[in-house]
Amino acid sequence: MKKIFLFFLFGVIIFSASRLFAQNFWEEKSEHFILEYYAQEDLDSAKRVLNRAEEYYHKIAYQIGYARYGNFWTWNDRVRIIVYPDQKVFMMETQQPFWAKGSAIRHKKLFEQKKIVSFKQDGDFLTTILPHEMAHLIWLDFLGVGRPVPLWFEEGIAQLFEEGYEQKALEIMKYFIREEKQIGIDSLMTLDINNETEILKVSVFYAQSLSIVHFLIKAYGTQSFQQLCGYLKDGRPFVEALRATYTNQIRSIEELEKKWLIYMKS
Ligand SMILES: [Zn+2]
């Protein structure tokens, strides 16, 4: 699906008996993360990853309003980031086949285990994959179980933190709107993109998700956005949370779509 997700697996790691490198890894810790790496000379880059992860942690938590709930992921609750030495080991260790057009393969249990897994050669890891997957993890942690939030909203948030991507996505979405390729809000609300095979639709879905989240933040501010996230955390249905947050401005998803389109065309 998205190029940046190539070869990245965010899923349950099945630690089978065949795990080859278990006896041979190093760990570096920061306040909220433990990084597992496989070559001693990678200590410096391990530290770089941890520094970045700590920066993203604060940025993401602030944006969704998690920061006000206090410090999470400390001590024994730290998130483990695993960077395998290469793609071959990564595939072997994660028991995954080679996926041609990769997407983030995410399994529910991984969120419980709080792991972010990638491999050393992935150039996009630090600036795109790490923040994107961290945002998913933080968002789901914040939300708690049994909160039905539309997938586009979550993907919109996750993409916000990919460095240098927001403006690009807006331009792409403006093009899709000119071509009238946007997904109608009704379909968007229930769309599970993981089952979608049409590449164009996947691209529209991601760009549209990010652009709507971007619109909400730009037009109505971060504080309101945090409030919206808070209502969702409280278990309010999406439309109700939207209405409670943007009183008199957005009273329905149709109104959200209308205002977003005006914003995008301006
Ligand atoms: Zn995602």
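Which spacing do the donors of the zinc ion follow along the chain?

1. The donors of the zinc ion follow the spacing H-x3-H-x18-E along the chain, where a donor is an N, O or S atom within 2.8 Å of the metal (3.2 Å for Na, K and Ca), and water is not among the atoms, so sites may look incomplete. This is a predicted model, in which local features need pLDDT of at least 70 and side-chain atom pairs count only at pLDDT 80 or more, while totals for chains, interfaces and linings use all residues. Residues are numbered from 1 along each chain as its sequence is written, and side-chain values use heavy atoms, with hydrogens and water left out.

2. The zinc ion is coordinated at 2.0 to 2.7 Å by NE2 of H132, NE2 of H136 and, listed twice, OE of E155. The angles among the 4 donor atoms run from 52 to 152°, and the site is irregular; four donors would count as tetrahedral if all angles lay between 85 and 135 degrees, or as square planar if opposite donors were over 155 degrees apart and all others between 65 and 115.

3. H132 and H136 are separated by about one helical turn because they are 4 residues apart in helix α4 (residues 125-143), helices being DSSP runs of H or I with at least four residues and strands runs of E with at least two, numbered from the N terminus. H132 counts as buried at 1% relative accessibility, and H136 also counts as buried at 1%, where buried means under 20% relative accessible area, exposed over 50%, and partly exposed in between (1.4 Å probe, protein chains only).

4. A search of the whole structure finds 8 salt bridges, each a side-chain nitrogen of Lys or Arg within 4 Å of a carboxyl oxygen of Asp or Glu. One of them joins the side chains of R52 and E163 at 3.3 Å, N to O. R52 lies in helix α1 (residues 43-64) and E163 in the loop between α5 (151-160) and α6 (166-178), so this pair ties together parts that are 111 residues apart in sequence. R52 is partly exposed at 23%, and E163 is partly exposed at 38%.

5. D77 and K114 form a salt bridge in which the closest N and O atoms are 3.3 Å apart. Because D77 lies in the loop between α1 and β4 (79-84) and K114 in the loop between α3 (108-113) and β6 (115-119), the pair ties together parts that are 37 residues apart in sequence. D77 is partly exposed at 37%, whereas K114 counts as buried at 13%.

6. Within helix α11 (residues 253-265), K259 and E255 lie 4 residues apart, about one turn of the helix, and they form a salt bridge with the closest N and O atoms 3.8 Å apart. In addition, E27, E36 and R80 are linked in a network of salt bridges.

7. The largest nonpolar core has 76 residues, and those touching the most other members include I81, M134, W139 and F225; such a core is a set of buried Ala, Val, Leu, Ile, Met, Phe, Trp, Tyr and Cys residues joined through side-chain atoms within 4.5 Å. Its largest share, 12 residues, comes from helix α8 (residues 199-220). Domain 1 (3-143) and domain 2 (151-265) both give residues to this core, so it lies between them, the domain bounds coming from an automatic or database domain assignment.

Methods:
Four donors count as tetrahedral if all angles lie between 85 and 135 degrees; four count as square planar and six as octahedral if opposite donors are over 155 degrees apart and all others between 65 and 115; anything else is irregular.
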